[in-house]
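Reader: I have a sequence and a model on my bench screen. Can you walk me through the fold by question and answer?

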Amino acid sequence: AGCSKDDEEQKVEPVQDADGKTLVVYFSKTEKIDGTTAATAQVGDLGATQYVAQQVAELTGADMHRITVADDHYPVEYNALATFARNEKDNGTHPALTSSLANLAEYKNIIIGTPVWWYTVPMPIYSFLDAYDLSDKNVMVFTTHEGSGLADAISVIKQQEPRATVSESGFHTNGRQAGSQDAAIRNWIEGLGLTTK
């Protein structure tokens, strides 16, 4: 099951009326940084969030959509990225997206994956929620982090998408441990009732 901040198991509630196509939407930095608290949150060549997103997509048979911004938007160096991300959060700046999704109407279930930056979701997640209406969708959330758990990810998405059905049963993993969480990811997906394999 998805773990709490103390790595204790939490109950995962099945998604109601989950029939329909599933889409995994995620934001992940891969230049050796997947959050402002860890410079090595990677699994092989993948950012930790991207790795979890791929595992979730494989288990659910979902399509994937990566949230992207301009390649040079975020600094690569750890401290510079941390400062930039903090300023962006404090200023409420929602960066322009370079990715687009034309067929959102096809999907009933949306799984949003995000790192936790400065105890909340990175601003590109807000940009995605600005751009797309998730009304009447089932929305599930997972995070990768360095100690913040789910942080406020679920409440942010509930606030930004009030007409979506947002599950309280989120999943999170420490970014540095993401590569060893395959069984926990499967347990979360099975608990939601979305597993196809």
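Author: What follows moves from the overall fold to single residues, and the model is a predicted one.

Reader: How many helices and strands does the protein have?

Author: Read the elements from the N terminus and the order is β-β-β-α-β-α-β-α-β-α-β-β-α. The count for the protein is 5 helices and 8 strands.

Reader: What share of the residues counts as buried?

Author: A residue is buried when its relative accessible area is under 20%. The protein has 197 residues. The share of them that counts as buried is 53%.

Reader: What share of the contacts with a separation of 6 or more comes from residues 24 or more positions apart?

Author: Take the contacts in the protein with a separation of 6 or more. Then pick out those between residues 24 or more positions apart. Their share is 77%.

Reader: Is strand β1 largely enclosed or open, and how many of its residues are buried?

Author: Strand β1 covers residues 21-26. The rest of the structure largely encloses β1, because most of the strand is buried: 5 of its 6 residues.

Reader: Which strands pair with β1, and in which sense?

Author: Strand β5, residues 107-115, pairs with β1 over 6 bridges. In that pairing, Y26 has G113 as its bridge partner. Strand β4, residues 63-66, pairs with β1 over 4 bridges, and there L23 stands opposite D63. The partners are β5 and β4, and the sense is parallel for β5 and parallel for β4.

Reader: Why is T22 called buried?

Author: T22 belongs to strand β1. The cut-off for buried is under 20% relative accessible area. T22 falls under it, so it counts as buried, with a value of 9%.

Reader: Which side chain makes a polar contact with the side chain of T22?

Author: Set aside neighbours within four places in sequence, and T22 is in contact with T60, A62, D63, Y107, N109, I111 and L194. One of these residues makes a polar contact, side chain to side chain, at 3.3 Å. That residue is N109.

Reader: Which backbone oxygen lies 2.8 Å from a polar atom of the T60 side chain?

Author: T60 is among the contacts of T22. T60 sits in helix α1, residues 48-60, and is buried at 5% relative accessible area. The backbone oxygen at 2.8 Å belongs to V56.

Reader: How many cavities of 30 Å³ or more are there, and how much space lies in the largest?

Author: The search covered the whole structure. It found 2 cavities of 30 Å³ or more. The space in the largest cavity is about 50 Å³.

Reader: Which element gives the largest share of the lining of the largest cavity?

Author: The lining residues are Y74, A85, E88, K89, W117, W118, T120, V121, P122 and M123. By class, 7 are nonpolar, 1 is polar and 2 are charged. The largest share is 3 residues, and it comes from helix α2, residues 78-91.

Reader: What separates the C-alpha atoms of A85 and M123?

Author: Both residues line the largest cavity. A85 is in helix α2 and is buried at 5% relative accessibility. A85 and M123 are 38 residues apart along the chain, and their C-alpha atoms are separated by 8.1 Å.

Reader: Which elements do the buried residues of helix α3 pack against?

Author: Helix α3, residues 123-131, is mostly covered, with 7 of its 9 residues buried. The buried ones are M123, P124, I125, Y126, S127, F128 and L129. They pack against β1, β4, α2, β5 and α4.

Reader: Is Y119 buried or exposed, and what is its phi?

Author: Y119 lies in the loop between β5 and α3. Exposed means over 50% relative accessible area. At 61%, Y119 is therefore exposed. Y119 is not a glycine, yet its phi is positive, about 70 degrees.

Reader: Where does D136 lie, and what is its relative accessible area?

Author: D136 also has a positive phi of about 70 degrees, although it is not a glycine. D136 lies in the loop between α3 and β6. D136 is partly exposed, with a relative accessible area of 49%.

Methods:
Residues are numbered from 1 along each chain as its sequence is written. This is a predicted model: local features need pLDDT of at least 70, side-chain atom pairs count only at pLDDT 80 or more; totals for chains, interfaces and linings use all residues. Side-chain values use heavy atoms; hydrogens and water are left out. Helices (H or I, at least four residues) and strands (E, at least two) are DSSP runs, numbered from the N terminus. Buried means under 20% relative accessible area, exposed over 50%, partly exposed in between (1.4 Å probe, protein chains only). A polar contact is a pair of N or O atoms within 3.5 Å; within protein, one must be able to donate a hydrogen and the other to accept it, and residues adjacent in sequence count only if both atoms are side-chain atoms. Contact means heavy atoms within 4.5 Å. On a 1 Å grid over the protein atoms alone, a cavity is a set of points where a 1.4 Å probe fits but cannot get out, and a pocket is an open set with protein on both sides within 12 Å along at least five of seven lines; lining residues have an atom within 4 Å of a point. Grid points are joined across faces, edges and corners, and a volume is the space filled by probe spheres set on the points. Ala, Val, Leu, Ile, Met, Phe, Trp, Tyr, Cys and Pro count as nonpolar, Asp, Glu, Lys and Arg as charged, and the others, Gly among them, as polar. Two strands pair if DSSP finds at least two bridges between them.
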